[in-house]
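Okay, thanks everyone for squeezing in. I'll put the structure up and then walk through the bits I found worth talking about.

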Amino acid sequence: MTTQPPAGSSRVAPPRTERQRERRRRILDAATRLASSGGFEAVQMREVAEASGVALGTLYRYFPSKIHLLLGVLLDQLELLRETLRERPLSETDPADRLLRTLRRAFRAHEREPRLAEAMMRALVFADGSAQEEVRAVSELTTDILVDAAGLPADPGPERRSAMRVIQLTWHSTLMHRLAGHTTAAEADRDLGTACRLVAGASGG
């Protein structure tokens, strides 16, 4: 059972001091470990507070709910993916091939940590209006990653950016079906490849 935030609690501004950033890092690391070992249900706010060495009230000031926390973990994982892509540049020249290579890298990471992936995707599905800002941040960061992966300019225009969002939605849907066992690895890979070719082609390459 997830502990509810204290009455009158509210979100605070993003951490600005080194101490705040370090505390937030500990919280995200603790939540990631719990999700990796036990999935969505294992991430309980009290356990996260204890594992990260912060007071429960402090945790709620950083993340008002379990959903907000897991969306924070998802954003953190996306940042790691972006760093990996920048450290290991893609060699492909075709935008569709570059996109598919990127999604395959992401899927391999999800397959290594299926419970973590499941927890993050459930948070994304369960997020309500109170987490609108976090959901938008996930969408924008994912789109930015795909824009970079396709070799598009930083401001590719609304149509191409929309095309990247379509691929993003296909990625998330395919991942959720794969985690639930509704599709095979081969089917998931084929579906992602189809989406990348169709959408990249429709967006002008």
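So, which residues are buried in α8? Ala163, Met164, Ile167, Gln168, Trp171, His172, Thr174 and Leu175. Keep in mind that this is a predicted model. Why does a list like that skip along the sequence? An α-helix has 3.6 residues a turn, so residues three or four places apart point the same way. As for the helix itself, α8 has 22 residues and spans 31 Å from first C-alpha to last, close to the 32 Å you'd expect at 1.5 Å a residue. After α8 comes Gly181, with a positive phi near 80°.

Let me stay with Met164 for a second. Setting aside neighbours within four places in sequence, Met164 is in contact with Leu99, Thr143, Leu146, Val147, Ala150 and Leu152. Met164 also shows up when you look at the largest nonpolar core, which has 57 residues: along with Val48, Leu59 and Leu69, Met164 has the most contacts inside that core. The largest share of this core comes from helix α4, residues 66–87, with 10 residues. As a bit of background, nonpolar side chains in soluble globular proteins tend to be buried together.

Now, same helix, other story. Met176 is also in α8, which runs over residues 158–179, but Met176 counts as partly exposed because its relative accessibility is 33%. Together with Val125 and Phe126, Met176 makes a nonpolar surface patch of about 270 Å².

Okay, charges. How many salt bridges does the structure hold? There are 11. I'll take three pairs.

Pair one also involves α8. Asp144 and Arg161 meet through their side chains at 2.7 Å, N to O. This links distant parts of the chain, with Asp144 in helix α7 (residues 132–149), Arg161 in helix α8, and their positions 17 residues apart in sequence. Both ends are partly exposed: Asp144 at 27% relative accessibility, and Arg161 with a relative accessible area of 21%.

Pair two is Asp189 with Arg104, where the closest N and O atoms are 2.7 Å apart. Here Asp189 sits in helix α9 (residues 185–202) and Arg104 in helix α5 (residues 95–112), so to speak a link across 85 residues of chain. Asp189 is partly exposed at 28%, and Arg104 is partly exposed at 36%.

Pair three is Glu41 with Arg122, the closest N and O atoms being 3.4 Å apart. Glu41 is in the loop between α1 and α2, while Arg122 is in helix α6 (residues 114–126), so this pair ties together parts that are 81 residues apart in sequence. Arg122 counts as partly exposed, with 27% relative accessibility.

That loop brings me to α1, my last stop. α1 has 21 residues and reaches 30 Å between its first and last C-alpha, close to the 30 Å expected at 1.5 Å a residue. Which residues of α1 are buried? Arg23, Ile27, Leu28, Ala30, Ala31, Thr32, Leu34 and Ala35. And what covers them? The cover includes α2, α3 (56–62), α4 and α6. Following α1 there's Gly39, with a positive phi near 80°.

That's my tour, so shout if you want me to rotate to anything.

Definitions and conventions: Residues numbered from 1 in each chain as written. Predicted model: local features only at pLDDT ≥ 70, side-chain atom pairs only at ≥ 80, totals over all residues. Heavy atoms only, no water. Patch = residues over 30% accessible without salt bridge, like charges linked within 9 Å, V, L, I, M, F, W, Y side chains within 5 Å. Areas by Shrake-Rupley, 256 points an atom, 1.4 Å probe, with all protein chains shown as cover. Salt bridge = Lys/Arg side-chain N within 4 Å of Asp/Glu carboxyl O. Helix = DSSP H or I, 4+ residues; strand = E, 2+ residues; numbered from the N terminus. Buried < 20%, exposed > 50% of the residue type's maximum accessible area, 1.4 Å probe, protein only. Expected span 1.5 Å × (residues − 1). Core = buried A, V, L, I, M, F, W, Y, C linked by side-chain atoms within 4.5 Å. Contact = heavy atoms within 4.5 Å.
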